[in-house]
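I opened this entry to look up the fold, the overall dimensions and the core of one chain.

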Amino acid sequence: MRALADQIQKVVEENAAQIRALDTSPFEDKIADKWSKKEVLGHLVDSAQNNLQRLIRIQYESTPKIIYEQDEWVNLSAYQTYDREQLLSLWMLINLHYCHVLRIIKPENLERRCDTGQQGEELHTLKFLAEDYLSHMLHHLSQIHKGQ
């Protein structure tokens, strides 16, 4: 998990500078009913919060059920109205904490499971959730950088 944490931290540090350099208008423009790039960054904050909760609770609860309603989180957090620098700082700091937690996970906890299913049971190991988190982040960062 240490190598994964190092990789996530590097992705966050490299992308923070690139996001800072984006022009304001394209960063905040909404396209139809989709999220703006700013809201995508907010979604990554929410994703970090939910996945951090999974990493923690999976280690002491017996198969916790943690569901994440992404559209509700983005809408209710009103990321479109957030100050860009504060949002970027929040994203960076929560990910640094996520990396800290990854680095201290005991190997015997990697196969513990969490239920993430909204429409029934959907079990994932802590190891899968941690690895999938990076893939998810990279997918959304590519959306932010698309069309620069």
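My notes on these topics follow.

I am working from a predicted model, where local features need pLDDT of at least 70, side-chain atom pairs count only at pLDDT 80 or more, and totals for chains, interfaces and linings use all residues. Residues are numbered from 1 along each chain as its sequence is written, and side-chain values use heavy atoms, with hydrogens and water left out.

Fold. I looked up the secondary structure and found 6 helices and 2 strands in the protein chain (DSSP runs, H or I of at least four residues for helices, E of at least two for strands, numbered from the N terminus). Along the sequence the pattern reads α-α-α-α-α-β-β-α. The radius of gyration (over C-alpha atoms) is 16 Å, close to the 15 Å of the globule rule (2.2 Å times the number of residues to the power 0.38) for 148 residues, so the protein chain is as compact as a globular protein of that length.

Burial and contacts. I noted that 43% of the 148 residues count as buried (under 20% relative accessible area, 1.4 Å probe, protein chains only). Of the contacts (heavy atoms within 4.5 Å) with a separation of 6 or more, 76% join residues 24 or more positions apart.

Core. The largest nonpolar core (buried Ala, Val, Leu, Ile, Met, Phe, Trp, Tyr and Cys joined through side-chain atoms within 4.5 Å) has 39 residues, and I8, I19, W91, L102, M137 and I144 touch the most other members. α1 (2-20), α3 (37-57), α5 (84-104) and α6 (126-145) each supply at least two residues of this core. I then checked I8: leaving out residues up to four places away in sequence, I8 touches N95, Y98, C99, L102, Y133, L134 and M137.

Key:
Buried means under 20% relative accessible area, exposed over 50%, partly exposed in between (1.4 Å probe, protein chains only).
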